[in-house]
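This briefing covers aromatic packing, nonpolar cores, one helix and a set of charged pairs. Please read it with the structure open.

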Amino acid sequence: MRIVIAGGHGQIALRLERLLAARGDEVAGIIRTAEQGDDLRAVGAEPVVLDLESASVEEVAEQLRGADAAVFAAGAGPGSAAARKDTVDRGAAVLFADAAVRAGVRRFVVVSSMGADPGHQGDEIFDVYQRAKGEADAYVRGLDSLDWTILRPGALTDDAGTGLVRLEARTGRGPVPRDDVAAVLAELLDSPATSGLTLELISGSAPVPVAVKAVAGN
């Protein structure tokens with residue numbers, strides 16, 4: 001498959017790119033600066049320099065044409081102000097979804113956040129973030145032209161992945177290594193039967209392929 005990942009230099013994205021390239025997929029990662037390109041090439045991905053905060057839908061669609069799937073893994077980051085929660089966590093996600101529709105890419109996977117909710121209350125930065133992610137998820141869910149899956153991991157850690165997870169519509173809060181999030185994303189891309197599902201993810205006892213098959217109903 002050819003897979004295009006928005007936020008290609010992110011910690012989860014780099015892990016996912018390595019996994020996908022290792023299994024023989026063609027992977028492109030959208031990044032903001034050329035300086036990030038070597039890190040993508042090191043894991044087997046093609047860097048595409050494009051700023052999702054200023055690009056047009058057509059510019060993004062041009063990078064998506066011919067792809068079999070798209071993954072939105074971009075984020076403003078924990079140190080960013082409220083304005084960038086809107087322009088990246090919401091705005092770039094909406095842009096990327098619209099571009100996928102325009103490019104005819106149906107399979108669309110979103111890395112969201114546990115607790116994301118367009119109606120989330122509060123004025124702290126994390127509250128703004130949860131609203132922005134929730135608004136983006138709601139927008140994607142409203143697009144009939146996409147076969148979407150939304151993944152909402154728990155508290156992310158840099159611990160080594162175990163390959164054992166809990167993946168359900170509701171898991172309750174808990175930690176999960178970024179390695180295991182990337183492994184689940186790779187499996188979801190191969191599981192179109194998970195389209196239309198919003199899933200929470202934490203560490204658990206089920207091997208990743210078994211967990212994905214269970215939510216896919218097979």
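Is Asp38 buried or exposed? Asp38 counts as exposed, because its relative accessibility is 52% and the cut-off for exposed is over 50%. The model is predicted, and the points below are grouped by topic.

**Salt bridges**

- A search of the whole structure finds 17 salt bridges.
- Asp38 is bridged to Arg41, with the closest N and O atoms 2.8 Å apart.
- Both Arg41 and Asp38 sit in helix 2, 3 residues apart, which is about one turn of the helix.
- Arg41 is partly exposed, at 48% relative accessibility.
- Elsewhere, Arg15, Asp158, Arg178 and Asp179 are joined into one network by salt bridges that share partners.
- Glu26 and Arg2 form a salt bridge in which the closest N and O atoms are 2.6 Å apart.
- This pair links distant parts of the chain, since Glu26 belongs to strand 2 and Arg2 to strand 1, 24 residues apart.
- Glu26 is partly exposed at 45% relative accessibility, whereas Arg2 is buried at 14%.
- Asp51 and Arg32 also meet through their side chains in a salt bridge, at 3.9 Å from N to O.
- That bridge connects distant parts of the chain: Asp51 is in the loop between strand 3 (46-49) and helix 3, and Arg32 is in the loop between strand 2 and helix 2 (37-42), 19 residues apart.
- Asp51 is partly exposed, with a relative accessibility of 25%.
- Arg32 is partly exposed, with a relative accessible area of 48%.

**Aromatic pairs**

- The structure holds 3 aromatic pairs.
- The ring centres of Phe96 and Phe108 are 5.7 Å apart and the planes meet at 45°, so this pair is tilted.
- The pair ties together distant parts of the chain, with Phe96 in helix 4 (residues 82-103) and Phe108 in strand 5 (residues 107-111), 12 residues apart.
- Phe96 is buried, with a relative accessible area of 0%, and Phe108 is buried with 1%.
- Phe72, Phe96 and Phe108 are linked by ring pairs into a cluster.
- Outside its neighbours within four places in sequence, Phe108 has contacts with Ala70, Phe72, Phe96, Ala97, Ala100, Val140, Leu146, Asp147, Trp148 and Thr149.

**Nonpolar cores**

- In soluble globular proteins, nonpolar side chains tend to be buried together.
- The largest nonpolar core here has 34 residues, of which Val60, Leu64, Phe72, Phe96 and Phe108 touch the most other members.
- Elements giving two or more residues to this core are strand 1 (2-6), strand 2 (26-31), helix 3 (57-64), strand 4 (69-72), helix 4, strand 5, helix 5 (125-141) and strand 6 (147-153).
- Helix 4 supplies the largest share of this core, 9 residues.
- Another core, of 33 residues, lies apart from it and includes Ile3, Val165, Ala182 and Leu188.

**Helix 5 and Asp127**

- Helix 5 has 17 residues and spans 24 Å from its first C-alpha to its last, close to the 24 Å expected at 1.5 Å a residue.
- Its buried residues are Asp127, Val128, Tyr129, Gln130, Ala132, Lys133, Gly134, Ala136, Asp137 and Val140.
- The buried residues of helix 5 pack against strand 4, helix 4, strand 5 and strand 6.
- Which side chain of opposite charge is nearest to Asp127? This is Arg131, 5.8 Å away, and Asp127 is buried yet has no salt bridge.
- The 5.8 Å separation does not qualify because a salt bridge needs a side-chain nitrogen of Lys or Arg within 4 Å of a carboxyl oxygen.
- Not counting residues up to four places away in sequence, Asp127 touches His120, Gln121 and Gly122.

**Leu52**

- Leu52 is located in the loop between strand 3 and helix 3.
- Leu52 is buried, with a relative accessible area of 10%.
- Leaving out residues up to four places away in sequence, Leu52 touches Ala6, Ile30, Val60, Ala92 and Leu95.
- Leu52 and Arg173 are 121 residues apart along the chain, and their C-alpha atoms are separated by 30 Å.

Notes. Residues numbered from 1 in each chain as written. Predicted model: local features only at pLDDT ≥ 70, side-chain atom pairs only at ≥ 80, totals over all residues. Heavy atoms only, no water. Phe/Tyr/Trp six-rings, centres within 6.5 Å; stacked < 30°, edge-to-face > 60°. Helix = DSSP H or I, 4+ residues; strand = E, 2+ residues; numbered from the N terminus. Buried < 20%, exposed > 50% of the residue type's maximum accessible area, 1.4 Å probe, protein only. Core = buried A, V, L, I, M, F, W, Y, C linked by side-chain atoms within 4.5 Å. Contact = heavy atoms within 4.5 Å. Lys, Arg positive; Asp, Glu negative; His and termini not counted. Expected span 1.5 Å × (residues − 1).
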